[in-house]
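Trainee: Could you take me through one part of this model closely, and then show me how its surroundings compare? I would be glad of a connected account rather than a list.

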Amino acid sequence: MDTGLDLTTPSLETLLALIAQQQAVIAQLQRRLDLLEGKAKPGGSPRMPGIKPKSGQGPARDKGPRKPRPHGFARQRMGPIHRVEHVLGSCPQCGTGQAGGCVQRAREVIDLPLVPAQVTEHVLIARTCPVCERRRTPQVDLGRVVLGKQRSGVNLLSRIAALREEGRLPLRTIQWYLQTVHRLPLSLGAIVRAIHQVAQKAQPALAEIRDRIRGSPVVHADETGWRQDGVNGYVWTFSTPTDRYFLRRGRNKEVVDEALGDSFSGVLVSDFYAAYHHYPGLKQRCWVHLLRDIRDLKALYPKDQKLAQWAGAIHQIYTGAKAFTHPDARQRRRVQQQLERKLLAHCRPFLEDQAAVQSKLCQRIEKFIKELFVFVAHPAVPSDNNAAERSLRPLVVSRKISGGTRSAQGTDSKLTLASLFGTWRAQGLDPLLSCQLLLTSP
């Protein structure tokens with residue numbers, strides 16, 4: 001009976017050749033294992049095969065056991081929405097039908113479908129009651145799907161606002177995306193109107209952000225240039241760890257009063273710009289700006305030994321102030337006064353010496369001496385204004401892409417969205433979802 005199986009006994013030569021082949025494979029695997037364990041050469045470091053050590057680099061030191069991680073960082077499989085099973089209905093060799101089986105392996109494929117925009121027509125049908133003979137039309141509230149009498153839905157408006165502000169895409173790129181991916185032809189004017197709609201709906205939320213900033217114990221302030229229809233201006237930022245507030249004005253001191261109002265009584269962290277001088281409360285000036293100016297001065301006069309010694313002393317005082325911590329508020333206040341006297345002592349010899357290159361910086365330190373060590377007495381206050389500059393960074397990048405705005409309404413909408421999305425970003429919220437919730441709120 002022919003079973004279809006090859007029952008011929010292999011020859012001795014075939015078996016010997018097979019054994020030699022398997023021994024070669026085993027030797028190759030052993031060499032790879034030795035390379036992984038660092039045993040290939042005496043004193044070798046455990047490197048992956050094919051990675052050459054850098055020139056002059058000796059064997060790696062034993063760093064001890066690996067620090068435990070809070071959780072695994074391996075790529076996790078996503079929950080599949082569709083499942084496609086690939087199975088043989090019959091044997092490809094003999095054609096015998098097959099059934100059952102077990103999973104040999106699975107492969108995950110992630111893809112994005114091109115989903116066209118969904119157009120929903122809401123039809124209100126009037127009916128006449130056969131008893132009272134009155135014709136009635138249902139009252140439908142579409143506030144959760146569309147704004148006002150416009151045809152753009154909430155999801156579409158949120159997507160446009162997120163692409164414009166979070167993605168920093170130009171208007172024509174947004175138009176191309178909607179046309180290509182969602183088969184939705186929108187004019188540039190419709191996209192601009194959608195952005196204005198979101199900004200108008202967000203005015204109450206913007207007022208809440210401003211009120212929270214005014215009630216905060218510490219506020220960071222800074223400004224940067226912003227052109228509107230080719231005219232130079234300035235965007236101001238007033239921020240806290242969880243809120244961002246932007247507005248475009250001139251570069252005068254009244255902007256600080258407008259943004260902070262009369263109710264703010266916290267600490268204002270800023271650079272040395274004169275618009276912040278009139279604020280009557282506590283102020284912390286940015287040490288990063290001061291140290292940067294000292295560094296630039298040293299670069300201009302690299303051979304000035306007195307300047308180098310003075311700069312080193314200033315930096316040492318600042319480092320000691322940053323390292324100081326104490327639970328008692330009175331002790332922190334005493335240390336603040338000691339640091340002020342110590343800093344002035346290093347600057348006093350150069351205040352009137354016009355020949356000293358550090359004279360102007362010493363005069364600045366003397367003028368703002370009461371505003372340099374506020375962070376020592378108040379641990380919640382940072383010694384720098386980096387938070388304000390980081391809050392401005394998305395706007396600066398957007399300015400480099402677009403060059404500014406073209407109208408007052410465009411500027412207001414841009415800064416409103418920047419305040420909203422910056423706040424959501426600082427709070428760790430999903431900007432797209434947060435924008436949808438904002439548009440559907442009463």
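**A close look at helix α10**

Mentor: Let's begin with helix α10, residues 359–367, whose buried residues are Ser 359, Leu 361, Cys 362 and Ile 365. These residues lie on the same side of α10, because the arc they cover around the axis is only 160 degrees. The general background is that an α-helix has 3.6 residues a turn, so residues three or four places apart point the same way. On the face of α10 turned away from that buried side you will find the exposed residues Lys 360 and Lys 367. As for what lies over the buried residues of α10, the cover includes α7 (287–300), α8 (305–323) and α9 (329–347).

Before we move on, a friendly word on confidence. This is a predicted model, with a mean pLDDT of 88 for the chain, and 91% of the residues reach 70 or more. Two stretches call for care. Over residues 1–7 pLDDT stays under 50, and the model has zero contacts there beyond four places in sequence. Over residues 42–46 pLDDT also stays under 50, but here the model has nine contacts beyond four places in sequence. Where pLDDT is low, the predicted coordinates should not be read in detail.

Now set α10 beside another helix, α12, which runs over residues 386–402. Its 17 residues reach 25 Å from the first C-alpha to the last, close to the 24 Å expected at 1.5 Å a residue. Even so, α12 has a kink of about 35 degrees at Arg 393, shortly before the proline Pro 394. Pro 394 is itself one of the buried residues of α12, along with Ala 388, Ser 391, Leu 392, Leu 395, Val 396 and Ser 398. Their cover includes the strands β3, β4 (234–239) and β5 (244–249), and also helix α13 (408–426). Just after α12 comes Gly 403, with a positive phi of about 85 degrees.

Strands β3, β4 and β5 come up again with helix α5, residues 203–214. The buried residues of α5 pack against these three strands and against α6 (254–260), α13 and α14 (431–440). The residues of α5 that are buried are Ala 205, Leu 206, Ile 209, Ile 213 and Arg 214. In length, α5 has twelve residues and spans 17 Å between its first and last C-alpha, close to the 16 Å expected at 1.5 Å a residue.

From β3 we can step across to β6. Strand β3 (residues 218–225) pairs with β6 in the parallel sense, over three bridges, and His 220 has Val 269 of β6 as its bridge partner. Strand β7 (residues 283–285) also runs parallel to β6 and is joined to β6 by three bridges; there, Gln 284 is the bridge partner of Val 269. So where α10 has a buried side and a face with exposed lysines, what of β6? Both faces of β6 (residues 267–270) are covered, with Val 267 and Val 269 buried on one side and Leu 268 and Ser 270 buried on the other.

To finish, a loop residue: Ser 152 sits between β2 (135–136) and α2 (154–165). Ser 152 counts as buried because its relative accessible area is 17%, under the 20% cut-off. Beyond its neighbours within four places in sequence, Ser 152 is in contact with Val 146, Leu 147 and Leu 157.

Methods
Residues are numbered from 1 along each chain as its sequence is written. This is a predicted model: local features need pLDDT of at least 70, side-chain atom pairs count only at pLDDT 80 or more; totals for chains, interfaces and linings use all residues. Side-chain values use heavy atoms; hydrogens and water are left out. Buried means under 20% relative accessible area, exposed over 50%, partly exposed in between (1.4 Å probe, protein chains only). Helices (H or I, at least four residues) and strands (E, at least two) are DSSP runs, numbered from the N terminus. Two strands pair if DSSP finds at least two bridges between them. The arc is that of the directions from the helix axis to the C-beta atoms. Contact means heavy atoms within 4.5 Å. pLDDT is the predictor's confidence in each residue, from 0 to 100. The expected span of a helix is 1.5 Å times one less than its number of residues. The bend at a residue is the angle between axes fitted to the seven residues ending there and the seven starting there.
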